[in-house]
Amino acid sequence: MAISMLAAMGCKGKKAAEEKLEIQQKVDEYAEFELKSDLIQNLSANEKELVKIFIEIGKVMDDIYWDQYFGNENRASLDTISDPAIRAFANIQYGAWDRLDSEMPFIPGYGERPAGCNFYPKDMTREEFDALEDPLKNSEYSVIRRDENGKLYVLPYHEAYKEQLAKVDVLMEKAIALAENPGLKKYLEARREAFRTDDYFNSDMVWMDMKDSKLDFVVGPIENYDDGINGLKCSHEAFVLVKDEQWSNDLSKFAALLPEMQKLLPCDEKYKKEVPGTDCDINVYDVVYYAGDCNAGSKTIAINLPNDERVQLKKGSRRLQLKNAMQAKFDNIMVPIAKLMVCPEQVDSVTFNAFFGNTCYHEVAHGLGIKNTVTGRGPCRQALGAQYSAWEEAKADVCGLFLTEQLINRGLITNTTVNQNYITFIAGILRSVRFGATEAHGVANIMCYNFFEQAGAFTRNADGKYVINVEKAREAARAWASLIIAMEGEGDMAAAKDYSDKNGKIGKALQKDLNAIRDANIPRDIIYKQGAEVLGL
């Protein structure tokens, strides 16, 4: 009996040691990168002070996001965890679920991630939500709570996060006093009011007019990826950005081409009758601070905002390319994957300029296609609900690739070739599918990978290396774009879910490739050492 008991204890100890090692390996999958920028040297004393204030506001956004995704009570419990690897991984993920592994729980006792995170009560049923008679329940800027009798009620963000937003208000007042650029000052004033009222339309419109500021500050409740119940609730985040004026000037000439690009889309004419706004810009920035949603798990390398369709139809949108973050991912992740997985004859065609271009025009493509269904189901975002994010990311990926090809063929892009862009795009899918099958970008890339594979866009040679057939990849891109835009234009949520359920899964061959990438210890993403001290402020 004693021997059996000791053996059992030994097995448990071995399992615990293996789990501890696994978590440390997960932490090690994120390459640390110091978030610096030489552009800081070009800022005035006032602008440097603004950066410091923006970082402080970002820290408050971070606190709000922890509550939205994980809950403050759960966050407090992390302090009791003795294992430093688990604590470190929880801080990377902003909770107990691995975002790059289908949100599998890695801390005992938490179970599956609640579909609605902390935006809704965990035990709320669909029937309860539907029966709740409050129009604000469908607001992007409200949470649902229970009163002392267990009855649901709605709490607007400005009330739910009153204490945190009071700090933001004070900091915004200081920032407004320091801001010398008229456009930036007006935006900060409008955004301050938006935090007070939960009405972000005016501040989004003002932000669209902010053309010549060296600094940008994307802040507030923005993306709705975390709401797996209704695809509505927006998560708080912040980006502090410094403009790269030279690269931005090179890209600015493309904004006027958006209506023409819309006409080129490879889809039925009925899905491209909307005319995208041209009062938008494509600019390049160095990002010097991330906070909240954008800092959780996989790091954002480009921004396309605002999400409000009303603003997009009136003014278009702004595309912000985060060049230093892109370079970090390309050097630390893309290059090692390409060397491991792409055939020797094509590996040199995986270039940063192609990677930058594909990412840049991914953001352009968000503003193209169709925003309102042709079937009377209302806006595409509303009609597709929780399915919308994955399909919209898929559209942006492949339409961005298609549009880059058009611009190269017209001689408007000269630092890369069509072959380089398609080869880099397919190599990039191997990077992006590692985001997992529950994250919108990950699902989009898995669907794209499976579609391209079935179309013969790539094969594997005797060594298991990818050989890209660029001509078939070009044909696949057009067919995939047509399918996606039609899916959005029809607004059939059931059809969208059925397709993604069947085609948004990683197959055996792809899993084998991902295992090889994992076994080669190639980072899955990056984490930042960031802040005023890192910037030398």
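Student: This model has an open sheet of five strands; what is the order of the strands, and what is their pairing?

Tutor: In this predicted model, the order across the open sheet is β6-β7-β8-β10-β9, and the pairing of its five strands is mixed. The edges are formed by β6 (215-223) and β9 (302-305), each of which pairs on one side only. Neighbouring strands of this sheet are turned against each other by 35 degrees on average, with direction ignored.

Student: How many bridges join β6 to strand β7, and do these strands run parallel or antiparallel?

Tutor: Strand β7 (residues 235-243) runs antiparallel to β6, and eight bridges join the two. To follow the register on screen, begin with Glu223, whose bridge partner in β7 is Ser235.

Student: Which helix packs on the sheet and touches β8, β9 and β10, and what angle does its direction make with that of β8?

Tutor: That description fits helix α13 (residues 323-341), which touches β8 (281-292), β9 and β10 (318-322), and whose direction makes about 75 degrees with that of β8. Helix α14 (residues 352-366) also packs on the sheet through contacts with β8, β9 and β10, and its direction makes about 160 degrees with that of β10.

Student: What lies in the loop between α13 and α14?

Tutor: Gln346 lies in that loop, and with a relative accessible area of 13% it is buried. Leaving aside residues up to four places away in sequence, Gln346 touches Ile423, Tyr466, Val467 and Ile468. From Gln346 to Glu73 the separation is 273 residues in sequence and 51 Å in space, C-alpha to C-alpha.

Student: By what two quantities is a pair of aromatic rings described?

Tutor: The description rests on the distance of the centres and the angle of the planes. A search of the whole structure finds 30 aromatic pairs. In one of them, Tyr30 and Phe89 are 6.3 Å apart centre to centre with 65 degrees between the planes, an edge-to-face arrangement. Tyr30 belongs to strand β1 (residues 30-34) and Phe89 to helix α4 (residues 84-93), so the pair ties together parts that are 59 residues apart in sequence. Both residues of this pair, Tyr30 and Phe89, are buried.

Student: Which residues do ring pairs link into a cluster?

Tutor: The cluster consists of Tyr65, Trp66, Tyr69, Phe70, Tyr94, Trp97 and Tyr110, linked by ring pairs. Tyr69 has a further partner in Arg99, which lies over the face of its ring at 3.8 Å from the ring centre. A similar reading applies elsewhere in the chain: the charged end of Arg318 sits over the ring of Trp207, 4.2 Å from its centre.

Student: What sign of phi do most residues other than glycine have, and are most peptide bonds cis or trans?

Tutor: Phi is negative for most residues other than glycine, and most peptide bonds are trans. Glu103, although it is not a glycine, has a positive phi of about 55 degrees. Glu103 lies in the loop between β2 (97-98) and β3 (104-105), and its relative accessible area of 15% makes it buried. Cys117 likewise has a positive phi, near 50 degrees; this residue is in the loop between β3 and α5 (126-131), and at 3% relative accessibility it counts as buried. As for the peptide bonds, the one that joins Leu305 and Pro306 is cis, with omega about 0 degrees, and Pro306 is found in the loop between β9 and α12 (309-315).

Student: Where is Asn249 found, and is it buried or exposed?

Tutor: Asn249 is found in helix α10 (residues 245-251), and with a relative accessible area of 56% it is exposed. Asn249 and Ala520 are 271 residues apart in sequence and 39 Å apart in space, C-alpha to C-alpha.

Student: How many helices and strands make up the secondary structure of the chain?

Tutor: The chain comes to 21 helices and 13 strands. Its radius of gyration is 23 Å, close to the 24 Å that the globule rule gives for 537 residues, so the chain is as compact as a globular protein of that length. Along its principal axes the C-alpha trace spans about 80 × 65 × 55 Å, and buried residues make up 58% of the 537 residues. Among contacts between residues at least 6 apart in sequence, 74% join residues at least 24 apart.

Methods. Residues numbered from 1 in each chain as written. Predicted model: local features only at pLDDT ≥ 70, side-chain atom pairs only at ≥ 80, totals over all residues. Heavy atoms only, no water. Phe/Tyr/Trp six-rings, centres within 6.5 Å; stacked < 30°, edge-to-face > 60°. Helix = DSSP H or I, 4+ residues; strand = E, 2+ residues; numbered from the N terminus. Buried < 20%, exposed > 50% of the residue type's maximum accessible area, 1.4 Å probe, protein only. Lys NZ or Arg CZ within 6 Å of the ring centre and 35° of its normal. Pairing = 2+ DSSP bridges. Axes fitted to C-alpha atoms, helices over the stretch in contact; angles between N-to-C directions. Contact = heavy atoms within 4.5 Å. Rg over C-alpha atoms; globule rule 2.2 N^0.38 Å.
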